[in-house]
Amino acid sequence: MGEPSTSEKPRFWRTPLDLDKLQMPKGKVFVIKERCKGCGFCVEYCPRDVLELSYEFNSKGYHYPVPKNEQACVNCKLCDMLCPEFAIYTVEKEKETEVEKVGN
Amino acid sequence: MIEQQTCTMVEHHPMDVLLRQDRIPHIWCSGCGLGTSLTAFISAVKDSGIPLDKMSVVSGIGCTGRVAGYLNLDSFHTTHGRALPFAVGLHLGNPCLKVIVFSGDGDLIAIGGNHFIHSARRNMDMTVICVNNFNYGMTGGQGAPTTPIGAKSTTTPYGNFEFPFSIPYLAAASGATYVARWTSLDTRRLKKSMQEAILKRGFSVVEVISPCPTLYGRFNRLGTGLDMLKTYQENTVIKHGADPASVAIGKDGKIIVGKFVDIERPTFLDMMKQGLGAKFKIPCLERDVDKTEIPREDE
Amino acid sequence: METESGVLTGEHFLSGNEACAEGALAAGCRFFAGYPITPSTEVAEHLAERLPEVGGIFIQMEDELASMNAILGAAWAGQKTMSATSGPGFSLMMENFGLGVMTETPCVIVNVQRGGPSTGLPTLVGQADMMQARWGSHGPYEVIALSPSSPQECFDFTIKAFNLSEQYRTPVLVMSDEVVGHMTEKVVIPSADKIKLTQRRTPRVPPDKYLPYEPDPDGVPQMAIAGQGYRMHITGLTHDIKGYPVITEEAQVALIERLVQKIRKNRDKIEEYEEVECEGADVIVCSYGISARISQLAVETARAEGMKVGVLRLIVAWPFPEKKIDELAGKVKGFVVPEINCGQMVLEVERCAHGKAKVILVPHAGGGTHNPDKILDAIRRAAA
């Protein structure tokens, strides 16, 4: 069941009884462009296929991640944990205003 | 050219609080697994609940040895192979400190091999994170005691013909109370394992298999860091509780990961208390570290 | 006799090694990491018994390299620390001695010298590590080394070594030798309040303003220890005042200048020697350790023959008393330097005499002390 779905509704084999209470979290992606060294880990391993590499370079000449489909992000934080450069992280969308203050 | 969106651009990362921000970006190559290991470590440290002022990180020389320079904790970058005895001194000098040794395979197992086995034997209460990239990276890609048979390096230009060490076997045989191995791809389990190791009483060892695309990977045509991670993904087998004697990385390239050893054994200071404590009063023998619940996750 | 404070006040009959151990305890040393090596093993054995009595920790490490690093680590945890070894172990400790100098870590290392090179004469005397004490580790640096000639001095100089190491934030050496280490003599240990101790300079600023290697006016930085929230970074690489590695020429020049000047600028306070009858002397016998005691007979005999002989005994061998030798060289006919090696400290005497006086070496390859007649002979040649 690894197919990335961009639709709002998840697909289940049997409908859970508390489906109306289930909410897929939504994530917002933050990138520190100048730290990126273009390794591609985040792009490759995002389970929702949210990212792709930019056409532009950063000042060191690396292609950094840009969102192909930020709506699909579920805040799994795999990019955050895999990134070797502390250059990308996600925050759950409700909490985004607090974290944007920290990030800047 | 197709227009691309951009993510929200920011200047700082939430983990920056534990990093020396004036030294980021770090010197490690693009695709190196060290950054990922450090990220997992910082998460583990934050979630362990141990007061950050009480943590001391000691590293040796090498690419992994540079970790100490990036952490915003009391950090000591010592000489090649001697991180462990320095850590022993730090620990015994003030048993209230939580001492973590973060170093590479060459540093800990070759030149530091003697200190590794003795510290494990004594069951010194400290954690060792050994990042294994199968060569000596910082100095240009020489063979190490973990280089697999047949692998090329600058000092094994015709292919390595020496048997390598199996670090979990060595650690377990020497008396470590917690031995685990993970790859740098498996970050969630790695972070959880590091957290367990940090909170574990006794000598705990976590080996992290990490790609070195610039040297080991290039000499052995393993591709980029991403290619090496994909190889790990295909070849990793999780076997918790496996016999450490059977987890050597063999010719088939299969990497057995998991938590191999998790036992209880009196630490050096416990034994000292037992042996001398009845007659003598030795201050500060109790570590004042808070234990927190390790979050349960599906494996 | 109080032992809780570590000061074994009273009159004792101790060997030099035991006296070193007692001196360490009296100075406040509560951590010892060592490895057995003849003829220094008694220091470790004595401390293995005594340290638990005073609440300290003794550990026998797996080798001398581990011992040297363990004492550095424990110093950063806030302890006064010591190790003891002899020639082969001293060689092993050299790399990390350099780490101690570079990171400015206070600790004391006792070298009970024996015959060398290599395994040499484990149970017999030598004094052939003096130049190694000065130059043993790689790179440019200054060192402080003391040279006791008796068990009483072993006690006193070990305390002095701790004080100097805490004051100047550097590892300090006590260059004992097998004869002094194994001879037993009366050692008077005063009460604790009569022993003056120096403690390291702790930070006077809060953690957010603290810079690990920003020197005070005398060149010595304030030293924080691990676990107090200073979050410092300490490295053996060339570093700036924040402690961060900086691999540039400018950083190296700045750091090494300060490390070297830290000792050189303060040498007047560090140098110490014993001058006996040097005023108006024709010949001065310049020696240290056990050789200084052996020369006494030769000196007395020479004086009885009417010669004017003075004695300059080195208490602090490094930094070497350059100015004193230079001054004396202008006034005497010659120096006689008896030492149990093939010529080490004599090179310093020659260098500092600037050709103004004769310098005669009385060497001994090791394994025994000098025959005083040979020293007397040299004194006669120097006076001629």
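## Domain and chain contacts of chain C

Chain C is divided into domain 1, residues 10-194, and domain 2, residues 272-383. The model is a predicted one. Taken over C-alpha atoms, the centres of domain 1 and domain 2 of chain C are separated by 26 Å. The contact between these domains takes 22 residues from domain 1 of chain C and 21 residues from domain 2 of chain C.

On the side of domain 1 of chain C that touches domain 2 of chain C, at least two residues each come from strand 6 (121-125), helix 5 (130-135), strand 7 (144-146), strand 8 (171-177) and helix 7 (178-182) of chain C. Helix 5 of chain C gives the most to this side, with four residues.

Chain C also touches chain B, in a contact that takes 34 residues from chain B and 39 residues from chain C. On the chain B side, helix 2 (67-70), strand 3 (74-77), helix 3 (83-93) and helix 5 (113-122) of chain B supply at least two residues each. Helix 3 of chain B gives the most, with eight residues.

The residues of two of these contact sides divide by class as follows.

| Side | Nonpolar | Polar | Charged |
|---|---|---|---|
| Domain 1 of chain C, touching domain 2 of chain C | 14 residues | five residues | three residues |
| Chain B, touching chain C | 15 residues | 13 residues | six residues |

Strand pairing also links the two chains: strand 3 of chain B runs parallel to strand 10 (residues 233-235) of chain C, and three bridges join them. In this pairing, His77(B) has Thr235(C) in strand 10 of chain C as its bridge partner.

Key. Residues numbered from 1 in each chain as written. Chains lettered and ligands numbered in written order. Predicted model: local features only at pLDDT ≥ 70, side-chain atom pairs only at ≥ 80, totals over all residues. Domains from an automatic or database assignment. Contact = placed C-beta atoms within 7 Å. Nonpolar A, V, L, I, M, F, W, Y, C, P; charged D, E, K, R; others polar. Pairing = 2+ DSSP bridges.
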